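User: Hey, I've just opened this one and I'm new to it. Can you walk me through a few spots?

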Amino acid sequence: MNRHASRLPDRIRLPERKRRGRLRRGMYIVPSLFTAGNIAAGYFAIMQSLQGSVQEPRHFDYAALAIGFAIPFDAIDGRIARMTKTTSDFGKELDSLADVITFGVAPSLLAFTWGFQMLPTAMDPVRRQHVVQWGAFFCFLFLLCGAGRLARFNIGANLLPKNPGRPGRKYFVGMPIPAAAGVIAAVVHFFSGTPVPNWRIAIMWMMLVFLVGLLMVSTWRFWSGKEINLSDRHPFQRIVVIGLAIYATFVFSQIVLFLLAFFYMFSGIFARAAYSWQRRHKTGNRYLMSPEAVALSEATDPPLPPSHPPSQPPVHP
């Protein structure tokens, strides 16, 4: 009798353990659903890019908006996985493949069809052919750089920027691929999907695609925003500012998204330029100082940031 009574609590706890196990398996599905939404947005953007034309530019605009909507999906799935402690190797690999499709293939195809394939046929056919061929090459280069950016993150344990920022803060090493795709999408959406009208603008578009691709594989730091914690308490004024920003993004999406994309892109360039200028300025001042003053400054001032600072935890691309 006592033996059966001792087994009774285990029998009662058994269904509870099963429910917890089912909840745990269900929680793994939630971040994967957001990743699936990311892939769906990329597939929709590819289909719209293939349907776009000079007569119906709205398809290009739909493709750009789909890429823009995929960026929050890509950010949310990782945060949900970390908050619910449901990160897995399968989820990381699926997320990387989704990024290659949505932020690599989709924007490169959109950049080619919108910026080069739709050039007027009335222009010089030889010049048009050369522009289209070079445009295809640079769009492929964008895709290759994006895939390399993701591969470098997957195999890199401690990725360190050449221009380290503030200690304790996390940075992206190279421009993240969602932000690079956002630059392409923001430009297309800014012009409401209307294709590039002449070869001169196509050359400028080619250089922009090339620049964004190089920024992805660079070792410059870009702000990650990981220090923002939405679960903490914030003052009411900050909530109002966030609400106004969301409203402005939806109502004035063309100009707001365009400015945000280029501000983020140039922030990494300016950070690298400021770091180089600061190092040259300090080095020049040391040459002008006497040996005694240099020794005194080295004893009192903190040393220059090394090219390889102490390791920081890697962040998602």
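User: Let's start with Ser192. Is it buried, partly exposed or exposed?
Analyst: Partly exposed. This is a predicted model, and in it Ser192 has a relative accessible area of 37%. That value falls between the 20% cut-off for buried and the 50% cut-off for exposed, so Ser192 gets the label in between.

User: Where does Ser192 sit along the chain?
Analyst: Ser192 is in the loop between helix H5, residues 177-190, and helix H6.

User: And what's up with the phi of Ser192?
Analyst: The phi of Ser192 is positive, near 55 degrees, and the residue isn't a glycine. Most residues other than glycine have a negative phi.

User: Which other helix is followed by a residue with a positive phi?
Analyst: Helix H2 is. Lys85 follows H2, and its phi is also positive, near 55 degrees.

User: Back to H5 for a sec. How many of its residues are buried?
Analyst: 13 of the 14 residues of H5 are buried, so this helix is mostly covered.

User: How far does H5 reach from end to end?
Analyst: H5 spans 20 Å from its first C-alpha to its last, close to the 20 Å expected at 1.5 Å a residue.

User: What about H2, how far does that one reach?
Analyst: H2 covers residues 58-83, which is 26 residues, and reaches 38 Å between its first and last C-alpha. That is close to the expected 38 Å.

User: Which residues of H2 are buried?
Analyst: Among them are His59, Phe60, Ala63, Ala66, Ile67 and Ala70, and further along Asp74, Asp77 and Ile80.

User: I see quite a few gaps of three or four in there. Why might I care about that spacing?
Analyst: An α-helix has 3.6 residues a turn, so residues three or four places apart point the same way.

User: Okay, what does Asp77 from that list touch?
Analyst: One of its contacts is Thr35. Leaving aside neighbours within four places in sequence, Thr35 is in contact with Asp77, Leu94, Asp95 and Ala98.

User: Where is Thr35, and is it buried or exposed?
Analyst: Thr35 is found in helix H1. Thr35 counts as buried because its relative accessibility is 4%, under the 20% cut-off.

User: Met47 is in H1 too, right around residues 2-51. How far is Met47 from Ala63?
Analyst: Their C-alpha atoms are 7.9 Å apart, with their positions 16 residues apart along the chain. Met47 counts as partly exposed, at 32% relative accessibility, whereas Ala63 is one of the buried residues of H2.

User: What's in the loop between H1 and H2?
Analyst: Glu56, for one, is placed there. Glu56 is partly exposed at 33% relative accessibility. The C-alpha atoms of Glu56 and Gly193 are separated by 8.7 Å, though the two residues are 137 apart along the chain.

User: What share of the contacts joins residues at least 24 apart?
Analyst: Among contacts between residues at least 6 apart in sequence, 84% join residues at least 24 apart.

User: Got another example of residues from separate stretches meeting up?
Analyst: Try Ser96 in helix H3, residues 89-117. Not counting residues up to four places away, Ser96 touches Leu150 and Asn154. Ser96 counts as buried, at 11% relative accessibility.

User: Switching topic: how big is the second largest pocket?
Analyst: The volume of the second largest pocket is about 230 Å³. Of the 13 residues lining this pocket, the closest to its centre are Trp114, Val187, Phe191, Ile201 and Trp205.

User: What kinds of residues line the second largest pocket?
Analyst: The lining divides into 12 nonpolar, one polar and no charged residues.

User: And which helix gives the largest share of that lining?
Analyst: H6, with four residues. Helices H6 (199-217) and H8 (253-288) each supply at least two residues of the lining.

User: Last one, the big picture. How many helices and strands are there?
Analyst: The protein chain has nine helices and two strands, in the order α-α-α-α-β-α-α-β-α-α-α. Buried residues make up 35% of its 317 residues.

Methods:
Residues are numbered from 1 along each chain as its sequence is written. This is a predicted model: local features need pLDDT of at least 70, side-chain atom pairs count only at pLDDT 80 or more; totals for chains, interfaces and linings use all residues. Side-chain values use heavy atoms; hydrogens and water are left out. The expected span of a helix is 1.5 Å times one less than its number of residues. Buried means under 20% relative accessible area, exposed over 50%, partly exposed in between (1.4 Å probe, protein chains only). Contact means heavy atoms within 4.5 Å. On a 1 Å grid over the protein atoms alone, a cavity is a set of points where a 1.4 Å probe fits but cannot get out, and a pocket is an open set with protein on both sides within 12 Å along at least five of seven lines; lining residues have an atom within 4 Å of a point. Grid points are joined across faces, edges and corners, and a volume is the space filled by probe spheres set on the points. Ala, Val, Leu, Ile, Met, Phe, Trp, Tyr, Cys and Pro count as nonpolar, Asp, Glu, Lys and Arg as charged, and the others, Gly among them, as polar.
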